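Hi,

Here is the structure I promised to pass on. Have a look at it first, and my notes follow underneath.

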Amino acid sequence: MYINGEWQSAASGKTFVSSNPATGVVLDSVPDGDRADARRAIDAAAAALPHWRACTAYERAGVLIEAHHIMLERRDALAALMTREQGKPLHMASTEVGYAADFLLWFAEEAKRVYGEVIPSARADQRFVVLQQPVGVCAAITPWNYPISMITRKVAPALAAGCTSVLKPAEQTPLCAIETFRVFADAGVPAGVVNLVTCSDPEPVADEILANSRVRKISFTGSTEIGKMIAGRAGATMKRVSMELGGHAPFLVFPDADPEHAAKGAALVKFLNTGQACICPNRFIVHRSIAEPFLATLRARVEKLVPGDGLQKGTTVGPLIDDVALKKMQRQVDDAVGKGATLLLGGSRLEGPEFDNGAFFAPTILADVTADMIISSEETFGPIAPVMVFDDEDEAIALANATTYGLAGYIYTRDISRAIRVGEALDFGMIGINDINPTSAAVPFGGIKESGLGREGARTGIAEYLDTKVLGIALQPAE
C-alpha cells in the first residue's frame, strides 16, 4: 500500500493474490488492508491537506503534467499489466492508458481555471466575493473494468482542486492501482496527498471511509446497489458524493439509418472490453423494416471476433472478470431462450485448452427479445447482444426509457430532426448520435436516475471537489 509517501504492508501483515482471468495464473500478492489501514491513510491525507491546498494552482498543475508524461512513458508496461490482471486485449489496454493520461493533463489545465467572482451589492459600502476552495480529504472507490483510467478520472481533479485523496481500488485489480500510484509518487506528489489502501474485503475499509468525519467527499464507480448504500450512509456525516453507477444503454436504429453501418458500430461498442463497460449497449432496439439486414451484418461482424488471452496477437475479445460473471451470462441467455428469444450465435461458456482455465463466454446474439426477459431489465455487463424490434418512434422511445437506469444511449438515424427530437426525449445522461464513443476527458461523464449523481471529466469534474465560500465585506469610510 502507499500511505504518507511510503510503500508499506498492511498493519495485520495479511496479503491476498491477484490472478489473470484468462489463465487463472496468480500474478502477485498485495497487502490486504483493513479499517486500521484506512484510518492511517485518512490521517495522512488530513495532515497533508493544509500544505497541498496552499500550493498554487500552477504548482499542482506542474505535478499533474509530470504524472501525464510519466504515464505515457510507461504506457506499454501499464497496458501489459492491465491485460494480465483485467483481461482486455492489449491494444484496448493501451488505449485506456492514453485515456487515463488525458485526465491528468486535462485537470492540470483546469487547476488554473478555478475562478471566483465579485457580486454587486445593494449597499454602496459592501462587496461580495465568491471563492472556490477544496472540499478537503476525498475518498475514491474505483472498479476493475477500467482499472487505471477510473483512478485518474477521480484523483486528478481532486489534486487539481487542492484536495488530498485516499483510494480503495477494486480487489480484482490492485496491481494496476499500485503501478498508477508509482506514477504519482515519481511525479513528485507530496507525501500524504495521495494514499492507496488495497484490500480483499472492501467492507471494513469502506466502513472507516464512511464513518470518518474528516472525509468530506466520496467518489464511487460501481453497481447501483452499492452506490445507494454508500450515498445513504454518507449522509450521516453530510459527505459530498458523486456516483457513476450501472447502465442499461439502449441502441436505437431507425428505418432511415444504414443498417449495415449501424450494425458495425453496434458490434464495436457492444463487445468493447467483453461488454464489461457501463456505457456498452444492453438493448438493441431496431426498426422492424431493417431488422434482417442489421442482424445479418451484426452476426457477420461478431463471428469474426477472436476470443482469447489479451496478450496473444489477434485477440479481440478477452475473458470476463470471474466465474460469477459467467453464471450471470448463462442465466440471462437461458431465461431469454426459454421465453422465446432466438439464439443466433454463442450462448455458452467457451471450452477448450485455451479457454478452460479462464472466464470466457462466447460472443452472443439473441433475436426476438421481448420486454419480459431478464436481459431487458437487468444490466448484462458481458458479451451478449439482445435485439428487439419496434414499429414507430414513440414505441422506440418508450422501450428505451423503460428502465431505472439512465447512463448512456445511442441513436442511429440520418434525420437531423429525429436525432434531436429523440435525443431530447431519451432519459439518459449521454447520447451518441451515429457515434459509439460519446466520451472524452473534456466532456461531462455521468448519468441520471439510478445511474448516478454528479459528473466526471470536463470543467464540471473539478467542480465536484470544490466548496463555494462567500465573503461579505463592509467598507469602512475614509478617515
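Before the notes, one term: when I say two residues touch or are in contact, I mean that they have heavy atoms within 4.5 Å. Also keep in mind that this is a predicted model.

For orientation, the UniProt record (an unreviewed entry) carries the annotation "domain: Aldehyde dehydrogenase" over residues 7–470. Across that stretch the chain is 40% helix and 20% strand, and the C-alpha atoms at its two ends sit 40 Å apart.

I'd start with Thr 221, which belongs to strand β10 (residues 215–221). Is Thr 221 buried or exposed? Its relative accessibility is 8%, so Thr 221 counts as buried; the cut-off for buried is under 20%. Leaving out residues up to four places away in sequence, Thr 221 touches Ile 141, Thr 142, Pro 143, Lys 154, Glu 244 and Glu 456. With one of these, Lys 154, there is a polar contact from side chain to side chain, at 2.8 Å.

Strand β10 turns up again around helix α7 (residues 202–211). The buried residues in α7 are Val 205, Ala 206, Asp 207, Glu 208, Ile 209 and Leu 210. Their cover includes β10 and α8, along with α1 (35–54), β7 (137–141) and β8 (164–168). Where α7 begins, a side-chain oxygen of Asp 201 comes within 3.1 Å of the backbone nitrogen of Glu 203.

Helix α8 is also home to Ile 226, which counts as partly exposed because its relative accessibility is 36%. I checked Ile 226 against Arg 84: the two are 142 residues apart in sequence, and their C-alpha atoms are 27 Å apart in space.

Arg 84 itself is in helix α3 (residues 75–86). With a relative accessibility of 32%, Arg 84 counts as partly exposed too. Setting aside neighbours within four places in sequence, Arg 84 is in contact with Ser 19, Asn 20, Pro 21, Leu 27 and Leu 311. Ala 45 is 39 residues from Arg 84 along the chain, and 31 Å separates their C-alpha atoms.

Now a bit of backbone geometry. Most residues other than glycine have a negative phi. Which residues go against that? One is Met 238, which is not a glycine yet has a positive phi of about 55 degrees. Asn 273, not a glycine either, has a positive phi of about 55 degrees as well. Both are in loops: Met 238 lies between α8 (224–234) and β11 (240–244), while Asn 273 lies between α9 (259–270) and β13 (281–287). As for their surroundings, Met 238 is exposed, because its relative accessibility is 65%. Asn 273 is buried, with a relative accessible area of 1%.

Last, a helix pair. How do α12 and α13 pack? Helix α12 (residues 393–401) and helix α13 (residues 416–425) meet at an angle of about 35 degrees, and their axes are 10 Å apart. The crossing is right-handed. From α12, the contact uses Glu 393, Ile 397 and Asn 401; from α13, Arg 418, Arg 421, Val 422 and Ala 425 take part. Sorted by class, that contact has 3 nonpolar, 1 polar and 3 charged residues.

Cheers

Notes. Residues are numbered from 1 along each chain as its sequence is written. This is a predicted model: local features need pLDDT of at least 70, side-chain atom pairs count only at pLDDT 80 or more; totals for chains, interfaces and linings use all residues. Side-chain values use heavy atoms; hydrogens and water are left out. Axes are lines fitted to C-alpha atoms, for helices over the stretch in contact, and angles run from 0 to 180 degrees between N-to-C directions. Helices (H or I, at least four residues) and strands (E, at least two) are DSSP runs, numbered from the N terminus. A crossing is left-handed if the near helix is turned anticlockwise from the far one by less than a right angle, and right-handed if clockwise. Ala, Val, Leu, Ile, Met, Phe, Trp, Tyr, Cys and Pro count as nonpolar, Asp, Glu, Lys and Arg as charged, and the others, Gly among them, as polar. UniProt positions are given in the numbering used here, feature names are shortened, and annotations may be inferred rather than shown by experiment. Buried means under 20% relative accessible area, exposed over 50%, partly exposed in between (1.4 Å probe, protein chains only). A polar contact is a pair of N or O atoms within 3.5 Å; within protein, one must be able to donate a hydrogen and the other to accept it, and residues adjacent in sequence count only if both atoms are side-chain atoms.
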